[in-house]
Amino acid sequence: MRTHRVSAVVTATALSLTGGLVALTAGPASAAPAKYADDFNGDGYRDYASGWGGEVTVTYGTATGPGPKTVRFTQDSPNIPGKAGDAGGYADAFGDGLATADLNRDGYADLAVADHTEKAGTKTAAGAVTVLWGAKAGLGVKATRIPAKSTTGFGTALASGDFNGDGKPDLAVADVTGTLFVYRGGFSQTGATGSVTRMEVSPSGAHVLEPTAIVAGKVTKDAATDLYVLGQGYENDKMVQAAWFVQGGSTIKRGKYTTYNASHADFSSTGVIADFDKNGYGDLAVSDKPYNKNAGSVLVLRGGASGPTTSYRLSQATSGVATAATKNDSFGYSLSAGDTNRDGYPDLAVGVPEEEAGSVENAGGVHVLRGGKGGLTGTGSQWFTRATAGVPGSPGEWEALGRFVRLRDFDRDGDADLLVSGDLYRPGVLLRATASGVTTSGASESDLDPNFPQ
């Protein structure tokens, strides 16, 4: 985790020793489901969970945004199954994948934590998904694992959503082979789940996909959540980038497989679903960092009645985008969607961590591209670095600002604010939004990790 915020974090172990976890109580079974999928303590405010390298950090929200209460969990914390670092020679990946939902519908959001390196008996990298159950005082009182349906990197990718449209949250889990498992709700603190659907991108073997992420959202117009599995595919003995669409519904359907870079693989592709043109269908914005000698780009797959339809591409060569496309910029390294100017169209924050800021190499920055009737565009886009007037701090070589970005209405005024950070040693930047877009007025530095679920 970010070393600059270690001193401000209270570990779950310390809370247990002082009695902080003993007082936790679960909500009544008859309680209404949580209003927000990430309100872990049921106080009506969204919370923030991020994970990396064997640790999960949770910061609890307040009426004005992230608050002072922060707790860290590892597999050595009380009540958490497993053992920290027990990865059989692999780096501990507990926390590398997170998903939030009120899985047992008790009024408190829960946190699903993936670890594709977890040992199962003597088998290394079998993988596991652990649910930390919400409670009045937050996460930590109880955690259980869902039954693993694979022993090969189970938990390589993870997402939540109502994939069968029955009103109950489900979990989608991929293993390292590209097999997708959809666990239907309801879930219980005993570890029980509903039925599980197992699905492969291509049973005939015509396509092979090694997942990097599952992106969940509404693509079609029905009540169910849809999803894309992103990753590396193989075609004609070459590695490519691909997005596999899976349509939600009472019967979950295998959908279109789209190759969007047929010459280079990307082992950390990411994406987000949003209706950028407000036509009722969700679009997938997916990173293509190797594009044009690693200058990078974002591909948008337009949504339709049965999944992806046409596509378009945005890069720093797109008209209206402030910076020029040069090799190794990594445009699209991180993505997040939200309406930053209250016009009803989602916008897209695009991290460019290897872009220059003035003469400072790899200082990084972030573009905000506007959504509109025709979809995302460079027209009216915004560009922020540490060199932008009003942004705190000064550009630092290799800071890589834009490595993590998140659009979220932190102050609950109706528009999505921009949180952006870079390396592990410096705080990030929080830029507030107004009816005219993101502004540097009132900009501040922040230790909050933007790498929490959308």
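The following exchange covers strands, one buried aspartate and several salt bridges in a predicted model.

Biologist: In what order do the strands of the open sheet run?

Modeller: The sheet is built from 4 strands, and their pairing is antiparallel. Its edge strands are β5 (97-101) and β8 (143-145), each pairing on one side only. Neighbouring strands are turned by 20° against each other on average, direction ignored. The order is β5-β6-β7-β8.

Biologist: Which residue of β8 stands opposite Leu132?

Modeller: Strand β7 covers residues 128-132 and pairs with β8. That pairing is antiparallel and runs over 3 bridges. Opposite Leu132 stands Ala143.

Biologist: How many residues does the hairpin use to join β19 to β20?

Modeller: Strand β19 spans residues 297-304, and strand β20 spans residues 307-314. They pair in the antiparallel sense over 6 bridges. Within this pair, Gly303 stands opposite Pro308 in β20. The hairpin that joins the two strands has a link of 2 residues.

Biologist: Is Asp417 buried or exposed?

Modeller: Asp417 is found in strand β26, residues 417-421. Its contacts, leaving out residues up to four places away in sequence, include Arg406, Leu407, Phe410, Leu430 and Ala433. Buried means under 20% relative accessible area. Asp417 has a relative accessible area of 0%, so the residue is buried.

Biologist: Which backbone nitrogen lies 2.8 Å from the side chain of Asp417?

Modeller: Two backbone nitrogens need a look here. That of Phe410 lies 3.0 Å from a polar side-chain atom of Asp417. The one reached at 2.8 Å belongs to Ala433.

Biologist: How many salt bridges does the model contain?

Modeller: The rule asks for a side-chain nitrogen of Lys or Arg within 4 Å of a carboxyl oxygen of Asp or Glu. One example is Glu55 with Arg72, whose closest N and O atoms are 3.5 Å apart. By this rule the count is 15.

Biologist: Why does the Glu55 and Arg72 pair tie together separate parts of the chain, and how far apart in sequence are they?

Modeller: Glu55 lies in strand β3 (residues 55-62), while Arg72 lies in strand β4 (residues 65-73). Glu55 is partly exposed, with a relative accessible area of 21%. Arg72 is buried, at 11%. Because the partners sit in these two strands, the salt bridge ties together parts that are apart in sequence by 17 residues.

Biologist: Which residue forms a salt bridge with Arg370?

Modeller: The N to O distance in this pair is 3.8 Å. Arg370 counts as buried, at 12% relative accessibility. Its partner is buried too, with a relative accessible area of 0%. That partner is Asp347.

Biologist: Which strands hold Arg370 and Asp347?

Modeller: The pair links distant parts of the chain, 23 residues apart. Arg370 belongs to residues 365-370, and Asp347 to residues 347-352. The strands are β23 for Arg370 and β22 for Asp347.

Biologist: What is the relative accessibility of Arg426?

Modeller: Arg426 meets Asp423 in a salt bridge at 2.7 Å, N to O. Asp423 is buried, with a relative accessible area of 9%. Arg426 counts as partly exposed, with a relative accessibility of 28%.

Biologist: Which residues are linked with Arg408 in a network of salt bridges?

Modeller: Arg408 has already come up in one respect: Asp417 touches Arg408. In the salt-bridge network, Arg408 is linked with Asp38 and Arg46.

Notes:
Residues numbered from 1 in each chain as written. Predicted model: local features only at pLDDT ≥ 70, side-chain atom pairs only at ≥ 80, totals over all residues. Heavy atoms only, no water. Pairing = 2+ DSSP bridges. Buried < 20%, exposed > 50% of the residue type's maximum accessible area, 1.4 Å probe, protein only. Polar contact = N/O pair within 3.5 Å; in protein donor to acceptor, adjacent residues only side chain to side chain. Contact = heavy atoms within 4.5 Å. Axes fitted to C-alpha atoms, helices over the stretch in contact; angles between N-to-C directions.
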